[in-house]
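I am opening a notebook on a structure that is new to me. I want to look up its rings, its charges and its buried side chains, and to write down what I find.

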Amino acid sequence: MIKGIDVSENNGWIDWKDVKANGIEFAIIRLGYGRGHMDTLFYKNVNEALEAGLKIGVYYYSYALNRLAAWEEASYMMHILESSGLTPGKLEMGIWFDMEDGDGYKERNGMPTAQTITAMCNEFIAECNRHGYNCGIYASLDWLENRIYTNLLPEYAPIWCAQWAHSCDWPGAKMWQFTDRLKVGNRWFDGNWYLE
């Protein structure tokens, strides 16, 4: 197992050398969210994390409510990755489709059914695959158990499970977000274990 963090512009300006010096080995960096919104610190975080010697992956926070919107999100992500030269080989920690409702947007705008959420996940994964990128799904244990038909996802798609606890209860999880309060130096981050 190796320990890492996930970050977005919401974490502000990060001293990546300090992150590395405090024992963090990887970072999953938000590329964007919704329909064509890039994280304002994406390029800075990618470049500085790599310069500091961390392994990186990227994630995309979904605001999709249907398959077409999920495809648009995936297409935008692929455009950014390809145009910036972030090939699959440079993303050692993979790419991830963030399927949750952290700010209540889906609930306010008509929460999709589990069937639709699963279809959105599959659409995003398939579009990434068409461009040569493997993609996994990030979701809470509750969503994995109750809102996503995980048995209908491709077997090769890894799962990143968010469960703030002392152990991860999702069988076969590749990555586990175990806390939203991991202190690294003088800063707080979401903490993750890469399990394989």
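The entries below follow the order in which I looked things up.

**Entry 1, aromatic rings.** I note before anything else that I am working with a predicted model. I searched the whole structure for aromatic pairs, and the search returned 13 of them. I looked up tyrosine 60 and phenylalanine 124, whose ring centres are 6.3 Å apart with planes at 40°, so I recorded the pair as tilted. This pair joins distant parts of the chain, since tyrosine 60 belongs to strand S4 (residues 55-61) and phenylalanine 124 to helix H5 (residues 114-130), 64 residues apart. I checked exposure as well: tyrosine 60 is buried at a relative accessible area of 0%, and phenylalanine 124 is buried with a value of 0%.

I then turned to tryptophan 96 and tryptophan 160, where the centres are 5.6 Å apart and the planes stand at 75°; an angle over 60 degrees counts as edge-to-face, so that is how I entered this pair. Tryptophan 96 sits in strand S5 (residues 95-98) and tryptophan 160 in strand S7 (residues 159-162), so the pair ties together parts 64 residues apart in sequence. Both of these tryptophans are buried. I also found a cluster in which ring pairs link Tyr33, Tyr61, Tyr63 and Tyr105.

**Entry 2, charges over rings.** I found the charged end of arginine 147 over the ring of tryptophan 143, 5.2 Å from the ring centre. I also found arginine 181 over the face of tryptophan 188, at 4.0 Å from the centre of that ring.

**Entry 3, two aspartates.** What is the nearest side chain of opposite charge to aspartate 101? I located aspartate 101 in the loop between S5 and helix H4 (105-108), and found that this residue is buried but has no salt bridge, the nearest candidate being lysine 106 at 4.9 Å. A salt bridge needs a nitrogen and a carboxyl oxygen within 4 Å, so I did not enter one here. The backbone nitrogen of lysine 106, however, lies 2.7 Å from a polar atom of the aspartate 101 side chain.

Aspartate 98 lies in strand S5 and counts as buried at 4% relative accessibility. Setting aside residues up to four places away in sequence, I listed its contacts as Tyr59, Tyr60, Tyr61, Ser62 and Tyr138.

**Entry 4, salt bridges.** I counted seven salt bridges in the structure. In one of them, glutamate 9 meets arginine 30 at 3.6 Å, N to O, and this pair links the loop between S1 and H1 to strand S2, 21 residues apart. Glutamate 9 is partly exposed at 23% relative accessibility, whereas arginine 30 is buried at 9%.

Lysine 44 pairs with glutamate 48, with the closest N and O atoms 2.8 Å apart, and both residues lie in helix H2, four residues apart, about one turn of the helix. Lysine 44 is buried at 14%, while glutamate 48 is partly exposed at 28%.

I then looked up glutamate 123 and arginine 130, which meet at 3.5 Å, N to O. Glutamate 123 is buried at 13% and arginine 130 is exposed at 54%. Through shared partners, salt bridges join Arg67, Glu123, Glu127 and Arg130 into one network.

**Entry 5, helix H2.** I went back to helix H2 (residues 42-51), where Phe42, Lys44, Asn45, Val46 and Ala49 are buried. The buried residues of H2 pack against several elements, including strand S1 (2-7), helix H1 (16-21) and helix H3 (67-83). Just after H2, I noted that glycine 53 takes a positive phi of about 95°.

Key: Residues are numbered from 1 along each chain as its sequence is written. This is a predicted model: local features need pLDDT of at least 70, side-chain atom pairs count only at pLDDT 80 or more; totals for chains, interfaces and linings use all residues. Side-chain values use heavy atoms; hydrogens and water are left out. Rings of Phe, Tyr and Trp (its six-membered ring) pair if their centres lie within 6.5 Å; planes under 30 degrees apart count as stacked, over 60 as edge-to-face and the rest as tilted. Helices (H or I, at least four residues) and strands (E, at least two) are DSSP runs, numbered from the N terminus. Buried means under 20% relative accessible area, exposed over 50%, partly exposed in between (1.4 Å probe, protein chains only). A charge sits over a ring if NZ of Lys or CZ of Arg is within 6 Å of the ring centre and within 35 degrees of the ring normal. Contact means heavy atoms within 4.5 Å. Lys and Arg count as positive and Asp and Glu as negative; His and the chain ends are not counted. A polar contact is a pair of N or O atoms within 3.5 Å; within protein, one must be able to donate a hydrogen and the other to accept it, and residues adjacent in sequence count only if both atoms are side-chain atoms.
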